[in-house]
Amino acid sequence: MFTGIVTDIGTIEAVEQTGDLRVRIATSYDTATVDLGASIACSGVCLTVVDKGPGWFAVDVSGETVSRTARDQWTAGRRLNLERALKLGDELGGHIVTGHVDGLGEVTEVTQEGGSHRVTILAGPEIAPYLAAKGSVTVDGVSLTVNSVEDGPEGTRFGLNIIPHTAEVTTFADITEGQAVNLEIDVLARYLQRMERYRERTQHGAA
């Protein structure tokens, strides 16, 4: 379990195909305190530490994970938002995040708005029903508040306001139009999704 509050920006140092992808990530974490088998969210993807050394850790990324996450994410030189798993007693500064990607979005616009950046993302139909103004969404592992939602023929666009601090401590400082991003819906929306699907299934079964 995570909070969507990024605590480090890692950089992929090497990628090796060993059945799955073995990805080595440079980090400023004290890896002496990171156990093998620990979970670290890497731009919104919960992954298990399988190897480590001073200033780096390695994870295995399955083909299924590669297919469901942002294109070009698992390439050498790519910067990743990192968050270690939540511990009992830690401050919940964002919202509850599972580290499971629900879908992908595409950045369609990045504009300056005062000292902040206004970012607009186009979401697919699997995400659209669970986006709401003033609700929460996780984008590349970052807990953010949805400012606006607009449904259109191409899909649903939602707007975010990235304040300077958020840009400084995440990869949002480098975000560009056309970039693919990992999206995770709020955990409450996930339960509502399950309830709605169950309701529809039971109604059809009773018909």
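Biologist: How do strand E9 and E10 pair, and over how many bridges?
Modeller: In this predicted model, strand E9 (residues 136–139) and E10 pair in the antiparallel sense, over 4 bridges.

Biologist: Which residue is the bridge partner of valine 139 in E10?
Modeller: That's valine 142.

Biologist: And what sheet do those strands belong to?
Modeller: An open sheet of 7 strands, in the order E10-E9-E13-E7-E8-E12-E11, with antiparallel pairing. Strand E10 (142–145) and strand E11 (148–152) stand at its edges. Each of those two has a single partner strand, so one side of each has no neighbour in the sheet.

Biologist: By how much are neighbouring strands of this sheet turned against each other on average?
Modeller: By 35°, direction ignored.

Biologist: What about E7, who does that strand pair with?
Modeller: Strand E7 (residues 103–113) is joined to E13 by 4 bridges, and the two run antiparallel. One of the contacts there is leucine 104, whose bridge partner in E13 is asparagine 182. E7 is also joined to strand E8 (residues 116–123), by 8 bridges, again antiparallel. On that side, glutamine 112 has histidine 117 in E8 as its bridge partner.

Biologist: How many residues sit between E7 and E8 in the hairpin?
Modeller: There are 2 residues between them. Glycine 114 is in the turn, and its phi is positive, about 70°.

Biologist: OK, switching to the barrel. Which strands close into it, and in what order?
Modeller: The barrel has 6 strands in the order E1-E2-E5-E4-E3-E6, and the pairing is antiparallel. On average, neighbouring strands of this sheet are turned by 45° against each other, direction ignored.

Biologist: Can you give me one pairing from there?
Modeller: Sure. Strand E3 (residues 39–42) pairs with strand E4 (residues 45–53) in the antiparallel sense, over 4 bridges. Within that pairing, serine 39 has threonine 48 in E4 as its bridge partner.

Biologist: Let's talk cysteines. How many disulfides does the count come to?
Modeller: The count comes to 0 disulfides.

Biologist: Why is cysteine 42 not in a bond with the closest cysteine sulfur?
Modeller: The distance is the reason: its sulfur is 8.6 Å from the closest cysteine sulfur, in cysteine 46, and that's too far for a bond. The cut-off for a disulfide is sulfur atoms within 2.5 Å. Looking from the other end, cysteine 46 is in no disulfide either, with the sulfur of cysteine 42 as its nearest cysteine sulfur.

Biologist: Is cysteine 42 buried or exposed?
Modeller: Cysteine 42 is buried, with a relative accessible area of 0%. Cysteine 46 is partly exposed, at 28%.

Biologist: Right, charges next. How many salt bridges does a search of the whole structure find?
Modeller: It finds 5. One of them is between the side chains of arginine 24 and glutamate 13, at 2.8 Å, N to O. That pair links distant parts of the chain: arginine 24 is in strand E2 (residues 20–26) and glutamate 13 in strand E1, 11 residues apart.

Biologist: And how exposed are those two?
Modeller: Both count as partly exposed: arginine 24 has a relative accessible area of 33%, and glutamate 13 has 42%.

Biologist: What does aspartate 174 meet in a salt bridge?
Modeller: Arginine 79, at 2.7 Å, N to O. Aspartate 174 lies in the loop between helix H2 (164–169) and strand E13 (180–185), while arginine 79 is in strand E6 (residues 79–84), so the pair ties together parts that are 95 residues apart in sequence. Aspartate 174 is partly exposed at 45% relative accessibility, and arginine 79 is partly exposed too, at 32%.

Biologist: Got another one?
Modeller: Yes, the side chains of glutamate 154 and arginine 157 meet at 2.6 Å, N to O. Glutamate 154 is exposed, with a relative accessible area of 62%, whereas arginine 157 is partly exposed at 28%.

Biologist: Last topic. Which residues form a nonpolar patch on the surface?
Modeller: Met1, Leu86 and Ile96 do, with about 250 Å² of accessible area together.

Biologist: Where is methionine 1 placed relative to strand E1?
Modeller: Methionine 1 is in the segment before strand E1 (8–18). Its relative accessible area is 53%, so methionine 1 counts as exposed.

Key. Residues numbered from 1 in each chain as written. Predicted model: local features only at pLDDT ≥ 70, side-chain atom pairs only at ≥ 80, totals over all residues. Heavy atoms only, no water. Patch = residues over 30% accessible without salt bridge, like charges linked within 9 Å, V, L, I, M, F, W, Y side chains within 5 Å. Areas by Shrake-Rupley, 256 points an atom, 1.4 Å probe, with all protein chains shown as cover. Salt bridge = Lys/Arg side-chain N within 4 Å of Asp/Glu carboxyl O. Buried < 20%, exposed > 50% of the residue type's maximum accessible area, 1.4 Å probe, protein only. Pairing = 2+ DSSP bridges. Axes fitted to C-alpha atoms, helices over the stretch in contact; angles between N-to-C directions.
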